[in-house]
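Biologist: I'm new to this one. Could you put it up so we can go through it together?

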Amino acid sequence: FFSHNHFTMDVVNRYLPNKNHQKGVAASVVIIVLLFFLRSGKSVEPATLLSDPFLQLPKQGSVNVVWFTNFEGSEHFVMYGDKKDQRANATTTKLSSMALSETPGAKAKATSVWRHEATASGLEARKRVPYFVESKDGKRNTEVKSKVFSLQPAPQAGQALKILLTSDHQNLPMVAANLQQVDSSIGKLDAVLFAGDTVLVPDRAAEWFGDASHGSAFFPSFQGRAKSVVGTTEYRGGEVLQHAPIFTALGNHDVMGRTNITNTSLDAHFEYSAPRSYAESLYKSTGLDPKSEAHAEWVANNSFNTRTYSEIFSLTGRAPGKLYYSVTLGDVHLIVLCAVRAYRPPTLDPNVASRFSERRQDFNRKELWRHGAFVMEPISKGSAQHVWLQYELKSKEFQSAKYRVVMLHHPIHSLGANIGPAFSNPYPYFKYGA
């Protein structure tokens, strides 16, 4: 601004010798140039916490604290202990696939969400201590901090526990009302078991953190910051995850589909998922190197992925890096399975891509096929998950547990519209010339 204005005033002085004229023109030039820079410059979004902190991976003597911001920042940490004088610095990562809400059919616009995770260690068993998180941004010379909440390490054997089991929140309006009731009637929980479908479309940031059209978003509802209106009553949700660790199972709404399709909306990316086998056959037809480092990402982009879900939650238990795992919470041994298939409507309507058939108009357009209700993670006999489960059921932790819980999203058998087909991969049948 100053360099542009200095150049302009040199021109004014050269061609307008009258001092009064110079002053008038100078004032106009300053205003015009300043307005130009204000309009062309990018507005800076205020530094904010996108969520309150929530708890992950409780162990003997420690627990992890996770929170999100809209800026990378320069310093992120949790302060905890009786005097809140113990500090744990956080590791920061950027979520790779987050996008803003878009108008129907429009291209999704990427947005920046930064995740911070710190380990509060040296904790005493059976004791809650206060904590808060703080994030600083040196570039903006600003800092943001949360309110004070409580945390504790993993529960001990024989310790009485209050555990909430819930699932399928999907931004539904009554979620905030239900969690508000949990908070007001039960108080602080010791753990939350979530059996899948945290949101509707996992790459849409507003479904996790809320906006004007997502008043019952996942974190606001679980943290008492929702704005869900039912009738004439606004529900805020409950202050739950700030005090209790959450253990999740993958649901079909936690999975994004193909990202290479013509329709660039988030809804389309979610709906057009395809089996890994389909993507592998496509990859083979390209002639690309199957040993390439880009192979796995290419296949995921042409089938389905769990990037956002895996980046938000820390779910490493006795099967690190997997979507199935186990953990012991006091007298409870929890096994979480990945039993998920793509949702397709149970209808014979020829104009709907269903569990039983592709849309009639898509018969000759294989790139638009939905491939029925295919299973996303193999769990059949001989699969990696099935082998792991066999060992897990024989483990000392499972055998000696007073309470044994197995959590999964899609049941092997069901009732109602979801009763058929049974949980298994669909068998493709082609009839040509029909």
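Modeller: Here are some questions and answers, from the whole chain down to one sheet.

Biologist: What is the mean pLDDT of the protein?

Modeller: Keep in mind that this is a predicted model, so that's a good place to begin. Of the residues, 87% reach 70 or more. Two stretches stay under 50: residues 1-9, with eleven contacts beyond four places in sequence, and residues 29-41, with nine such contacts. For the protein, the mean pLDDT is 87.

Biologist: How many helices and strands does the protein have?

Modeller: The chain has 434 residues, and 47% of them count as buried. Among contacts between residues at least 6 apart in sequence, 67% join residues at least 24 apart. As for the elements, the count is eleven helices and 17 strands.

Biologist: Which residues touch the most other members of the largest nonpolar core?

Modeller: In soluble globular proteins, nonpolar side chains tend to be buried together. Here the largest such core holds 58 residues. Its largest share, four residues, comes from strand β11, residues 191-194. The ones touching the most other members are Phe68, Phe218 and Phe222.

Biologist: How many residues are in the other core, the one with Trp67?

Modeller: That core lies apart from the largest one. Among its members are Val65, Trp67, Tyr80 and Ala118. Its size is 16 residues.

Biologist: Now the sheet with β15, β16 and β17: which strands stand at its edges?

Modeller: The three strands form an open sheet in the order β15-β16-β17, with mixed pairing. A strand with a single partner has one side left without a neighbour in the sheet, so the edge strands are β15 (325-329) and β17 (403-407).

Biologist: By how much are neighbouring strands of this sheet turned against each other on average?

Modeller: This one ignores strand direction, so to speak, and is an average over neighbours in the sheet. The value is 15°.

Biologist: In β16, which residue is the bridge partner of serine 326?

Modeller: Strands of a sheet pair through backbone hydrogen bonds, either parallel or antiparallel. Strands β15 and β16 (residues 332-336) run antiparallel and are joined by five bridges. For serine 326, the partner in β16 is isoleucine 335.

Biologist: Which helix packs on this sheet?

Modeller: The helix touches β15 and β16, and its direction makes about 170° with that of β16. It covers residues 384-393 and is named α10.

Definitions and conventions
Residues numbered from 1 in each chain as written. Predicted model: local features only at pLDDT ≥ 70, side-chain atom pairs only at ≥ 80, totals over all residues. Heavy atoms only, no water. Pairing = 2+ DSSP bridges. Helix = DSSP H or I, 4+ residues; strand = E, 2+ residues; numbered from the N terminus. Axes fitted to C-alpha atoms, helices over the stretch in contact; angles between N-to-C directions. Contact = heavy atoms within 4.5 Å. Core = buried A, V, L, I, M, F, W, Y, C linked by side-chain atoms within 4.5 Å. Buried < 20%, exposed > 50% of the residue type's maximum accessible area, 1.4 Å probe, protein only. pLDDT = per-residue confidence, 0-100.
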